Amino acid sequence: MATIQATACGAALPLRAHASAGGIEANENARQPILYVTSEMADYVKAGGLGEVSAALPRTLRQHYDVRVLIPGYRAILEAHPDIPVVARLPAAFGLPACDLGRIDTEDGLTVYVLLCADLYDREGSPYGDRDGVDWHDNDVRFARLGLAAADIACGRGEALWRPTLLHLNDWPSGLAAAYLAWRGQRTPSILTIHNLAYQGLFGAERLSPLGVPDSAFQIDGVEFYGKLSFLKAGIFYASHVTTVSDTYAQEILTPEFGCGLDGLLRAKADQGCLSGILNGIDESWDPATCPHLASPFDADDWDGRQANADHVREAFGLAVSRGPLFAVVSRLVHQKGVDLAIAAAETIVAQGGQIVVTGRGEGRFEEALRGLAQQHAGSVGVRIGFDETEARRMFAGSDFLLMPSRFEPCGLSQMYAQRYGSLPIAHRTGGLADTIEDGVTGFLFREPSVGGLLDAVRRGMETFGSGSKLTAMRRAAMARSFGWSQSALGYKDVYGRLMAAR
C-alpha cells in the first residue's frame, strides 16, 4: 500500500479512554463547534445501530462541545417538523442540486441541521432504499450531496456565526465529506467512524464527474476500489483519523478475513496512529426497573417481574406454557448475523426442551425459513417478521438467553441490552461481542462461527439454566454491567482534542 498523506494523530491502536472521578474533564477544547454527520438518527429514522449511536453520542458530547447534527431531510423528519426554518442556502455544484439547510432544536437542546431537498430525500422507505429493500438508484447523488453539505458548512457556508472546527463522519454515506475538504484545500480536521466495513458505498467510475470527484483521485491512493468509486475508502483515506466501534473490531479489520479489501489501507492508518477502537454504549432508558415498555418492571432482586415478561412473550408469540429455557433472536435477518446458524440449531434446542422467539426483517430466504420453522414447531418457535420497540424490549426482559451467532459484529448493541435485562447472550467471540460479554460470567462465547460452536455454547447455557444458583449469579452479574455513553465520549474527546490542537 502506498503512503497515505500524513495527518496529525498520534494515538496508538487501540485507543483507550481514561476516566476521571467526575467523568469527562473540561479543558481548552470545551464548547468547540463540532458537526456530527449521519445518515440515521433514532429520533426520526434508523435502519440499524448507527441510528441509536447518532441519537445518543452527540447528546453526551454536548456537555463539553457545541455538537450539532447534520442529517438528510427524510420524509419522517418533514412529517415530524412540517415548518422547519431555513438558515442557509447551499448552492448546486457539479451534478449535485442546490438545497436548503434547515434547523431543528430538540426539546433537550440538541441542534439538528436538516438537508432539505425533496427530490432526493422526501421518499417513502428507509434512508437507503424503498419499502421492498431495493436501494435507491441515485444513492450516490443523495449521499454525495450530504458529504458536500458538510464540507460547505465547514467552509462557512452554513448558518451564520457557526462554523465547525471538526467534522465527525459516520460510515460510507458521509465519507465524501473528508474528500471534498481535501480537494478544496480546507484544513478542517475530520474523523470517520466505521460502524460496519462491509457496507462501502460502491458506484461506477462514470459517476466521478457528476459527483465532483477529480480524475486524479481515482487511484489506489484515493477513492478507487477495484475499478469502482468507494465512498467509504474516500472517507478512510482522506479523514484525519478513523475510529471504529470496538477495540477487537479495530484489530480484526487489519486482517484480510475482516478487512473487506481495505485492510492494507487500514494497516497504513494504524501504523500512523490514526486508527482507534472506541466501544459504543447504550442509553439510560435500558433499565428494567424503569423501562415503560415492559409488561412488568423488575430488578436483580425481583425475578417475578422477569417471569411476567416471559409469560407475556410466550403468549404473544403463541408458545406453550413451559418451564424450559426461552431463547430470543432480535436481529436483522442477514448472513452476517448468523441467522442460518440459529435456524440450524433450532431443532436441537427444541428437542432439549427449549423455546425460541424471533423478531426481525432481512433476507427473504431467512424470513421464509423462519416462518417454516415456526409452522413445524408450533408452540415451541414463534416468529414475527418486522420490528417493534416494545416487543423487542419485552423479549430481552423475558428471555433466558439471547442467540447472537454473528459471523462478525463491529460492536453490537443487542448483547448489551440483553445483559442489562438479565438475558444471557450466547454469541460468537468476535468484535464488540468479545469486548462486552464475559464468558461464563455474563454470557457464553464460542470461537468458531459454526453450528457446532453455537450448540456447544447452548449446551453450556442449558446446564447453567438447570443450576438455579449459577443462573441467578450470572443474571445479576449481567444486569450489573455498565454500558453508558460517558466512557465512549472520553475516547472521542481524546481524539477531538488532539486533532483540534494540531490545526
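**Pairings and salt bridges in a predicted model**

Me: In this predicted model, how many bridges pair β8 with strand β10 (residues 228-230), and in which sense do the two strands run?

Reply: Strand β8 lies beside strand β10, which covers residues 228-230. One of their contacts can be followed by residue, since L202 has S230 of β10 as its bridge partner. The pairing of β8 and β10 rests on two bridges, and its sense is antiparallel.

Me: Which strands are the edge strands of the open sheet that contains β10?

Reply: The open sheet is made of three strands, ordered β8-β10-β9, with antiparallel pairing. An edge strand is one that pairs on one side only, and this applies to the strand at 202-203 and to the strand at 224-225. The edge strands are therefore β8 and β9.

Me: Which helix packs on this sheet, and what angle does its direction make with that of β10?

Reply: The helix formed by residues 231-238 touches β8, β9 and β10, and in this way packs on the sheet. This is helix α7, and the angle between its direction and that of β10 is about 55°.

Me: Are the residues F401, L402, L403 and M404 of strand β16 buried or exposed?

Reply: Strand β16 runs from residue 401 to residue 404, with F401 and L403 on one side and L402 and M404 on the other. Both faces of the strand are covered. The four residues F401, L402, L403 and M404 are all buried.

Me: Which residue of β17 is the bridge partner of F401?

Reply: F401 takes part in pairing with strand β13 (residues 326-330), where β13 and β16 are parallel over two bridges and F327 has F401 as its partner. Strand β16 is also joined to strand β17 (residues 424-428) by four bridges, again in the parallel sense. Within β17, the bridge partner of F401 is L424.

Me: What is the handedness of the crossover from β16 to β17?

Reply: On its way from β16 to β17, the chain passes through helix α14, which covers residues 414-420. The path is a β-α-β crossover, and its handedness is right-handed.

Me: How many residues apart in sequence are the parts tied together by the salt bridge of E159 and R103?

Reply: The side chains of E159 and R103 meet in a salt bridge, with a distance of 2.9 Å from N to O. E159 sits in the loop between α4 (139-154) and β6 (166-170), whereas R103 belongs to strand β4 (residues 99-105), so the pair ties together parts whose separation in sequence is 56 residues.

Me: Why does E159 count as buried, and how does R103 count?

Reply: A residue is buried when its relative accessible area is under 20%. E159 has a relative accessibility of 17%, so E159 counts as buried. R103 has a relative accessibility of 22%, and therefore counts as partly exposed.

Me: Which residue forms a salt bridge with E389 in helix α13, and is that residue buried or exposed?

Reply: The salt bridge of E389 spans 2.8 Å from N to O. Its two residues are four apart in helix α13 (residues 389-398), so about one helical turn separates them. E389 is partly exposed at 24%, whereas its partner has a relative accessibility of 5% and counts as buried. That buried partner is R393.

Me: Which residues are joined into one network by salt bridges that share partners?

Reply: A search of the whole structure finds 29 salt bridges. Some of them share partners, and the residues joined in this way into one network are D66, R68, R103, D105 and E159.

How values were computed:
Residues are numbered from 1 along each chain as its sequence is written. This is a predicted model: local features need pLDDT of at least 70, side-chain atom pairs count only at pLDDT 80 or more; totals for chains, interfaces and linings use all residues. Side-chain values use heavy atoms; hydrogens and water are left out. A salt bridge is a side-chain nitrogen of Lys or Arg within 4 Å of a carboxyl oxygen of Asp or Glu. Buried means under 20% relative accessible area, exposed over 50%, partly exposed in between (1.4 Å probe, protein chains only). Contact means heavy atoms within 4.5 Å. Axes are lines fitted to C-alpha atoms, for helices over the stretch in contact, and angles run from 0 to 180 degrees between N-to-C directions. A crossover is right-handed if, with the strands pointing away from the viewer, the path from the first strand over the helix to the second runs clockwise.
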